[in-house]
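The exercises below are to be worked with the sequence and the model side by side. Try each task before reading its solution.

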Amino acid sequence: MGLLVYCLVLLTLKEAGWMDRLPEDNPARWNGQAVSLTGIVCRQPDPKPKGCNYVVEAETLIPFDDDGSLLSVRGLVMIQANRSSADFASPGDRLKVTGRLQAPRSARTPASATAFRWTRR
């Protein structure tokens with residue numbers, strides 16, 4: 001009985017949106033907006049054929065859509081720098097970048113959707 005009540009309380013909190021709220025200082029609150037972000041590279045660069053990816057511990061953010069005030073933020077942000085090499089920045093370097101924040105795409109198995117459609121026939 002106690003487990004059922006616990007599950008009902010969690011479901012109610014989830015449906016009300018209480019469990020989905022991001023902290024005020026999380027950079028993901030500005031997903032979809034153009035921003036200027038400053039942070040420190042915290043992992044080794046990940047070179048790609050078209051550029052390089054950097055993981056940055058965000059420090060400050062200036063949203064262009066709002067009043068443009070400097071905000072203190074905390075969280076990890078992956079920066080995709082086109083036409084950049086791995087020696088552009090190293091762990092410990094501070095970067096200031098401007099762009100549009102986007103949520104990362106969820107990981108998928110490439111053949112999973114095709115396999116699902118095939119098995120339903």
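**Exercise 1.** Decide whether G51 is buried or exposed, and describe its surroundings.

*Solution.* Because its relative accessibility is 7%, G51 counts as buried, where buried means under 20% relative accessible area, exposed over 50% and partly exposed in between, with a 1.4 Å probe and protein chains only. This model is predicted, so local features need pLDDT of at least 70 and side-chain atom pairs count only at pLDDT 80 or more, whereas totals for chains, interfaces and linings use all residues. Residues are numbered from 1 along each chain as its sequence is written, and side-chain values use heavy atoms, with hydrogens and water left out.

Next, place the residue: G51 lies in strand β3, strands (E, at least two residues) being DSSP runs numbered from the N terminus. Then list its contacts (heavy atoms within 4.5 Å): leaving aside residues up to four places away in sequence, G51 touches A81, N82, R83 and S84. For N82, the C-alpha to C-alpha distance from G51 is 4.2 Å, although 31 residues separate the two in sequence.

**Exercise 2.** Find which members of the largest nonpolar core touch the most other members, and which elements supply the core.

*Solution.* A nonpolar core is a set of buried Ala, Val, Leu, Ile, Met, Phe, Trp, Tyr and Cys residues joined through side-chain atoms within 4.5 Å. The largest one has 16 residues, of which Y54, V56 and L61 touch the most other members. Two or more residues of this core come from each of β1, β3 (51-63) and β4, and the largest share, five residues, belongs to β3. Taking V56 as a case, its contacts beyond four places in sequence include L37, I40, L76, V77 and L95.

**Exercise 3.** Characterise the lining of the largest pocket.

*Solution.* Start from the criterion: on a 1 Å grid over the protein atoms alone, a pocket is an open set of points where a 1.4 Å probe fits, with protein on both sides within 12 Å along at least five of seven lines, and lining residues have an atom within 4 Å of a point. The largest pocket has a volume of about 880 Å³, volume being the space filled by probe spheres set on the points. Its lining has 28 residues, and V77, M78, I79, L101 and Q102 are the closest to its centre. Finally, assign the lining to elements: β1 (34-41), β4 (71-82) and β5 (94-100) each supply at least two residues, with β4 giving the largest share, seven residues.

Key: Helix = DSSP H or I, 4+ residues; strand = E, 2+ residues; numbered from the N terminus.
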